[in-house]
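Visitor: I would like to learn how to read packing and charge pairing in a model such as this one. Could you take me through it step by step?

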Amino acid sequence: MLAGLTVGFTVGATTSAHADFRVCNATQELVGVSIGYRARTGWITEGWWHVEPTKCKTLIEGPLASRYYYLYAEDALRGGRWDGPVNMCVAEREFKITGVNDCYARGFQKSGFREYDTGNQQSWMVQLIDEAQSSDTNTNTQ
C-alpha cells in the first residue's frame, strides 16, 4: 500500500427490490474488485470488475445463495488494497478460479480476502471508501 493511502469498507444489506451483491466505489480512483464464495462445486473466486470512481457494480445478480462472501479490491492508480485474512487465488487478468489451495502451483497469485457475513440477506452492498473520508469504515447499515 502506498504511504498515506488508508482504505476502508462500509457494508450492509441493501433495501433495493433488486437482489444482488454490489460494490460501490466512493473513492476518486478506479478500483479493481474480485469476489470469492462457496458454490456446489467448491470455492470460486472471480474478478476483475473495474469500478469507476463514485460508481457501483453488481458482482452477483439475483438473490444471494450463500451467507458468506469474500472481497478483495485494489486501487488501480495508487496501489491501495481492501483486503483481509482469508487467502484465495486471483489472476492478473479476468478470471474464474475453482479452488483456493495451491494457488502458485496452479499458476495463480494469492490474495487476502475480507469475509462478509450477509446474515442470509438476499442483497448486500459493500462501499469502498478512502479511510481518510470517514472514521466509521465498517458500519453495518441493516
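Visitor: Which residues does Ile35 touch, not counting residues up to four places away in sequence?

Guide: Bear in mind that this is a predicted model. With those sequence neighbours left out, Ile35 touches Phe21, Ile44, Thr45, Glu46, Trp49, Leu59, Ile60, Tyr69, Tyr70, Leu71 and Phe113.

Visitor: Which residues have the most contacts inside the largest nonpolar core?

Guide: In soluble globular proteins, nonpolar side chains tend to be buried together. Here the largest such core has 20 residues, and those with the most contacts inside it are Phe21, Val33, Ile35, Leu59, Leu71 and Leu128. Two or more residues come from each of β2, β3, β4, β5, β6 and β11, with the largest share, four residues, supplied by β3. A second, separate core of twelve residues includes Tyr70, Tyr72, Met88 and Val90.

Visitor: Is Ser34, in strand β3, buried or exposed?

Guide: Ser34 counts as buried, because its relative accessibility is 0%; among the residues it touches are Trp48, Tyr70, Val90 and Phe95.

Visitor: How should I read the salt bridge that Asp130 forms with Arg78?

Guide: Side chains of opposite charge can pair when their charged atoms come close. For Asp130 and Arg78 the closest N and O atoms are 3.3 Å apart, and since Asp130 lies in strand β11 while Arg78 lies in the loop between β6 and β7, the pair ties together parts that are 52 residues apart in sequence. Asp130 is buried, at 12% relative accessible area, whereas Arg78 is partly exposed, at 27%. Through shared partners, salt bridges join Asp75, Arg78 and Asp130 into one network.

Conventions:
Residues numbered from 1 in each chain as written. Predicted model: local features only at pLDDT ≥ 70, side-chain atom pairs only at ≥ 80, totals over all residues. Heavy atoms only, no water. Buried < 20%, exposed > 50% of the residue type's maximum accessible area, 1.4 Å probe, protein only. Contact = heavy atoms within 4.5 Å. Core = buried A, V, L, I, M, F, W, Y, C linked by side-chain atoms within 4.5 Å. Salt bridge = Lys/Arg side-chain N within 4 Å of Asp/Glu carboxyl O.
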